[in-house]
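Student: Please take a close look at one part of this structure, the aromatic ring cluster, and then show me what else can be described around it. I am new to this structure, so name each residue and element as you go.

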Amino acid sequence: MRAGSVGNVVLKNLTGGGYGGKIWAVNRRAAEFGGRMCDVEAVASVSDLPAAPDLAVIATPPQGIPDLVAELGSRGTRAAVVITAGFGELGEEGRALQARMLMAARPSLMRIVGPNCLGVMVPGAGLNASFAHIAPLKGNIAFVSQSGAVITTMLDWATTRGIGFSHIVSLGGMADVDFGDMLDHLAQDPQTRSILLYVESIEHARKFMSAGRQAARLKPVMVIKAGRHAAAARAAASHTGALAGSDAVYEAAFQRAGMLRVRGLDDLFEAMETLSTRPERKPLGGERLGILTNGGGLGVLATDFLIEEGGQMAELAPETLAALDAVLPRTWSRGNPVDIVGDAPAERYAAAIGIMLKDPNMDALLAINCPTAVVDNVAAARAVADAAEKSGKPVFTSWLGDLTARAGREVFLSRLVPTYDTPSQAITAFMHQVRYRQNQRLLMEIPPAGPAWPNRDVTRAREIVGRVLAEKREWLNEPEAKSLLSAYGIPAVDTRVAHDGEEAARIAAEIGFPVALKIFSPDITHKTDVGGVALGLESTDAVREAASRMLAMVSAAAPGARIEGFTVQRMVSRPSAFELILGVVDDATFGPVILFGQGGTAVEVIRDKAMALPPLNRVLAEDLIRRTRISRLLEGYRDRPPADFDAIAGTLMALGDLVADLPEVLELDINPLWADHRGVIAVDARIRVRPAVSVGTERLAVRPYPSDLEGVLRDRKGRTYPMRPIKPEDVTLIDDLLAHTDPEDLRMRFLSPLRQLPRQLAARLTQIDYDREMAFVVFTDASMREIAAVGRLSEDPDRERSEYAILVRTDHQGIGLGYTLMQHLIDYARMRGVGIVFGHVLRENHHMLDLCGALGFVREHIEGEPGVVEMQLPLRRTA
């Protein structure tokens, strides 16, 4: 093997990382090296290996890799890391080679990391299967990245600060293993307390959202997304499409998944600094920050930065101010930020911080120190660290300077107190925790699959869309669009079609003046841009004149456009109404996305908007509204009354229903939607459709709570028991179920003694996203206050296998409820297209073994597990 080659570096890293297992080198020239390379046994080919390796690390020329993968898979290897480049990134020929590699892996179900990647590192296991230049330290942060360069940069930075990792994984080309797979694994890894992602693209949105939502419920997940200002994937004809760039959609997806997005490497380093100090020990209880400083100007600058970032300064309680007044010099600031004056010794820091951390109006503290000649900064750092360790509130620190600050920062690093070079970096880290806390709150929201806006007419809506598609049209005309909105309970201005100016004048007289006249053309998207709108017309003559003038202007501005007449609508007078835009765009990765913001003709210039993934409930809809600047105006000001938030939120929820019911809707734009204290009304709307490419909610990246799966089960005597999918709030009911279940029954279910679920496991079992995992709870009676049984299915990403688990309360056993629940799980798995349902059962659990046998399961031996058998039920017919 050539010295300095990638393969040589990988082998040296593997052999020098402290890995305790067996390592073999495969090189066709092995004999020339005497059968030894880097002090490990070397063989000439895969067939010469003395046993099947668990993991293969491949750094050979690309053309031979598919055959290598096939040979390794046939020997029993379950995973490979393909370091080599030359696959999908090289165009059609490379993609064909990549497809061959994946096909070679399929028969053995081998998983592949890469290709074109740096490798995989698991410091806790001594595994360094990479060509990184530095071996990572052992720690509890997992870092998964598509970029090897970002990994090596992070390694340099983290190693000098003593920050370690549980995993470092370079995904490279992501031909197989992707972010969803890694999040699934890391969520359950006990050595990983927090997860960092560097993302360039997501391939499988629902898989990513499923895994991400589950991981974020258990531990902090932070993500940096590259390509924030890339052009949208396709040109869009509506305002909504123009505003919905791909980065905004990723932002919405990360937020809905409960992740925290950071903007660049600087923010990523700050996030790493925060995570390395284990913030889960002191979770943020609120969003109010106190600032303690020995330099008044620094405190003012920090305050300015906090407010600019959307943060909230704590308003110190009167008793706090009185206590500070008793221990601080007369010249202290007497408010937040607390300036303890430039000559503050360690004792003054200790006294002030101890008082501030007891204030009920403050949720976190930032302590700042600027160097002076009269103060021991290291002693001050120790005082702050002592107080931080005793407090239940998060403490952030910033010891300014370089040479004189290093010793103080070392104190904080050694005591796991977050420390930053500048106050702005510390505030950024604080705001990361604030936003993460907000995202976690939204993560717990599970909207129902049923209508959020009940007065909808789905039949009429489908008739409208079906008629448009039957006519081979892409865009609904304005009356059709407004009729579709009305079918979902969204008020819209009555709009009628006239074929010429005379008919327009006649319609205007019928509906009453004043009226608005608009050009009616399937080829004109933005009517105002071509002179196709006339407002406030007060008479039939005015309508005729406007129609004639409009035809001339439109013909000059858009000479090729087909003109089918005009639309006439009664002018609605809402002088205090706000102009909003609401819309839907179908993103190539994440499917339908809902947009909200300030509307009007200057919407693309103002660009005040936020986006969210449907479906929405009231909490999620209100959060979407409040992420815009106009939300503050909607609360009312001066003599302008507040807008009807219920009506606005209801309209957003109705749009979520619409896209779930009508997979044909590709793009939707309501601009403007007028909103005031009397409600909302859609003034103009555009809707674009196409033949459906998916069914129902399948195109949604977030599967809603499946209320259609609610029902009843019966025992063998015909008694009924209410049943529904599990919800996060069921955690206390699960605790009650365990308390009413015999310890031996619990041992049979969990394969170990258990009386109460650990909180993390309880969250894991009750907070599911209903896509690759489903759990049904069966209640003892119609009050639904006690659980009689729980049944669960967990699918692998390809739906090849789904593991079942079932627990029946001891006093409800022997009545056939467990048998009925198992039948229900099997039926559900069959409906999902699962290949095999399986479960691991203790050999002494005769009741479960007999039940499975009655349902057609077969026993399979588990290597190395003499006390456990695998029960399997094939659901697909084999040829």
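**The ring cluster and its surroundings**

Tutor: Ring pairs join Phe208, Tyr250, Phe254 and Phe590 into a cluster. The model is predicted, and the values below are computed from it. Across the whole structure, a search finds ten aromatic pairs.

One of them is formed by tyrosine 250 and phenylalanine 590, with 5.1 Å centre to centre and 85 degrees between the planes, an edge-to-face pair. Where do the two residues lie along the chain? Tyrosine 250 is in helix 8 (residues 246-256), while phenylalanine 590 is in the loop between strand 23 (578-587) and strand 24 (591-598). The pair therefore links distant parts of the chain, 340 residues apart. Are these two residues buried or exposed? Tyrosine 250 has 8% relative accessibility and counts as buried, because the cut-off for buried is under 20% relative accessible area. Phenylalanine 590, at 1% relative accessibility, counts as buried too.

A second ring pair is made by tyrosine 349 and tryptophan 399. Their ring centres are 5.8 Å apart and their planes stand at 45 degrees, so this pair is tilted. Tyrosine 349 belongs to helix 12 (residues 346-356) and tryptophan 399 to strand 18 (residues 395-399), so the pair ties together parts that are 50 residues apart in sequence. Both tyrosine 349 and tryptophan 399 are buried.

Next comes a helix contact. Helix 6 (residues 205-218) packs with helix 15 (residues 423-443) at an angle of about 120 degrees, and their axes are 11 Å apart. The crossing of helix 6 past helix 15 is left-handed. On the side of helix 6, the contact is made by Arg213, Ala216 and Arg217, and on the side of helix 15 by Tyr436, Gln440 and Leu443. Sorted by class, the contact has three nonpolar, one polar and two charged residues.

Now the sheets. One open sheet has three strands in the order 4-5-6, with parallel pairing. Strand 4 (55-58) and strand 6 (111-113) are at the edges and each has a single partner strand, so one side of each is left without a neighbour in the sheet. From one strand to the next, the twist averages 20 degrees. Four bridges pair strand 4 with strand 5 (residues 79-82) in the parallel sense. Valine 57 has valine 81 of strand 5 as its bridge partner. How are the side chains of strand 4 arranged? They alternate: Ala56 and Ile58 point to one face and are buried, whereas Leu55 and Val57 point to the other and are not. This fits a general pattern, because in a regular strand the side chains alternate between the two faces of the sheet.

Another open sheet of three strands has the order 1-3-2, with mixed pairing. Its edges are strand 1 (24-26) and strand 2 (36-37), each with a single partner strand, so one side of each has no neighbour in the sheet. Strand 2 and strand 3 (residues 40-43) run antiparallel and are joined by two bridges. Arginine 36 has glutamate 41 of strand 3 as its bridge partner.

Some backbone details remain, and they are in loops. The peptide bond from glycine 114 to proline 115 is cis, with omega near 0 degrees. Proline 115 is found in the loop between strand 6 and strand 7 (119-122). Proline 614 and proline 615 are also joined by a cis peptide bond, with omega about 0 degrees. Proline 615 sits in the loop between strand 25 (609-612) and helix 21 (618-626).

Valine 341 has a phi near 80 degrees, a positive value in a residue other than glycine. Its place is the loop between strand 16 (338-339) and helix 12. Valine 341 is partly exposed, with a relative accessible area of 21%. Arginine 638 has a phi near 50 degrees, again positive in a residue other than glycine. Arginine 638 lies in the loop between helix 22 (630-634) and helix 23 (645-661), and with a relative accessible area of 87% arginine 638 is exposed.

Methods. Residues numbered from 1 in each chain as written. Predicted model: local features only at pLDDT ≥ 70, side-chain atom pairs only at ≥ 80, totals over all residues. Heavy atoms only, no water. Axes fitted to C-alpha atoms, helices over the stretch in contact; angles between N-to-C directions. Left-handed = near helix turned anticlockwise from the far one by under 90°. Contact = heavy atoms within 4.5 Å. Nonpolar A, V, L, I, M, F, W, Y, C, P; charged D, E, K, R; others polar. Pairing = 2+ DSSP bridges. Phe/Tyr/Trp six-rings, centres within 6.5 Å; stacked < 30°, edge-to-face > 60°. Buried < 20%, exposed > 50% of the residue type's maximum accessible area, 1.4 Å probe, protein only.
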